[in-house]
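Opening the notebook on a new model today. I'll jot down what I look up as I go.

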Amino acid sequence: QVQLVESGGGLVQTGGSLRLSCVASGTIFSINRMAWYRQAPGKQRELVATITSDNNTNYADSVKGRFAISRDNAKNTLYLQMNSLKPEDTAVYYCNAPIGGIRVMYSWGKGTLVTVSS
């Protein structure tokens, strides 16, 4: 059974940085397109960034130029470097493998909470 475990969240001031990690177990991580999602209070979960198996990346307009997604296939780990954080980035962040539309390959993990204070 695949497990996704996110970590690295916390409380940070506006303009600060955080690096999130997601460790995937029970899957051939290297062959999957992976993504970071986030869900702010009272809002739907949204796609933040994606990375293909050959490291092509794509970002939501709201984070473009501030966030960077990367992966280490040897460690089965996905990363999200978040810089110049804004209060509107406050959310629970999740990783998963997108398979089309809003569908994902695996059960959701618990996520990691990022809170950006103004």
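My entries below go through the sheet, some strand pairs and a few single residues.

**Entry 1: the open sheet.** Reminder to self that this is a predicted model. I started with the strand order and read off β2-β12-β9-β4-β5-β6, six strands in an open sheet with mixed pairing. Which strands sit at the edges? I found β2 (10-13) and β6 (57-59), each of them paired on one side only. I also looked up the turn between neighbouring strands of this sheet, and the average is 25°, direction ignored.

**Entry 2: β4 and β9.** Next I picked a pair from inside that order. β4, residues 34-39, runs antiparallel to β9, and I noted five bridges between them. Which residue of β9 does W36 face? I have C95 down as the one opposite W36.

**Entry 3: β1 and β3.** I went to the N-terminal side for this one. β1 covers residues 3-7 and pairs with β3 (residues 18-25), antiparallel, over five bridges. Within that pair, I see S7 standing opposite S21 of β3. Then I checked the two faces of β1: L4 and E6 are on the covered face, while Q3, V5 and S7 make up the uncovered one. In a regular strand, side chains alternate between the two faces of the sheet. The listing for β1 goes Q3, V5 and S7 on one face, L4 and E6 on the other.

**Entry 4: V104.** I wanted to know what surrounds this valine. V104 belongs to β11, a strand of residues 103-104. Buried or partly exposed? I get 19% relative accessibility for V104, and the cut-off for buried is under 20%, so V104 counts as buried. Setting aside neighbours within four places in sequence, I list Y37, N96, A97, P98 and I99 as its contacts. I also checked V104 against A35: their C-alpha atoms are 9.5 Å apart, with the two positions 69 residues apart in sequence numbering.

**Entry 5: two positive phi values.** Most residues other than glycine have a negative phi, so I looked for exceptions. N76 is one, with phi near 50°. I place N76 in the loop between β7 (67-72) and β8 (77-82). At 22% relative accessibility, N76 is partly exposed. S84 is another non-glycine with a positive phi, about 50°. Where is S84? I find S84 in the loop that links β8 to β9 (91-96). S84 has a relative accessible area of 42%, so I log S84 as partly exposed.

How values were computed:
Residues are numbered from 1 along each chain as its sequence is written. This is a predicted model: local features need pLDDT of at least 70, side-chain atom pairs count only at pLDDT 80 or more; totals for chains, interfaces and linings use all residues. Side-chain values use heavy atoms; hydrogens and water are left out. Helices (H or I, at least four residues) and strands (E, at least two) are DSSP runs, numbered from the N terminus. Buried means under 20% relative accessible area, exposed over 50%, partly exposed in between (1.4 Å probe, protein chains only). Two strands pair if DSSP finds at least two bridges between them. Axes are lines fitted to C-alpha atoms, for helices over the stretch in contact, and angles run from 0 to 180 degrees between N-to-C directions. Contact means heavy atoms within 4.5 Å.
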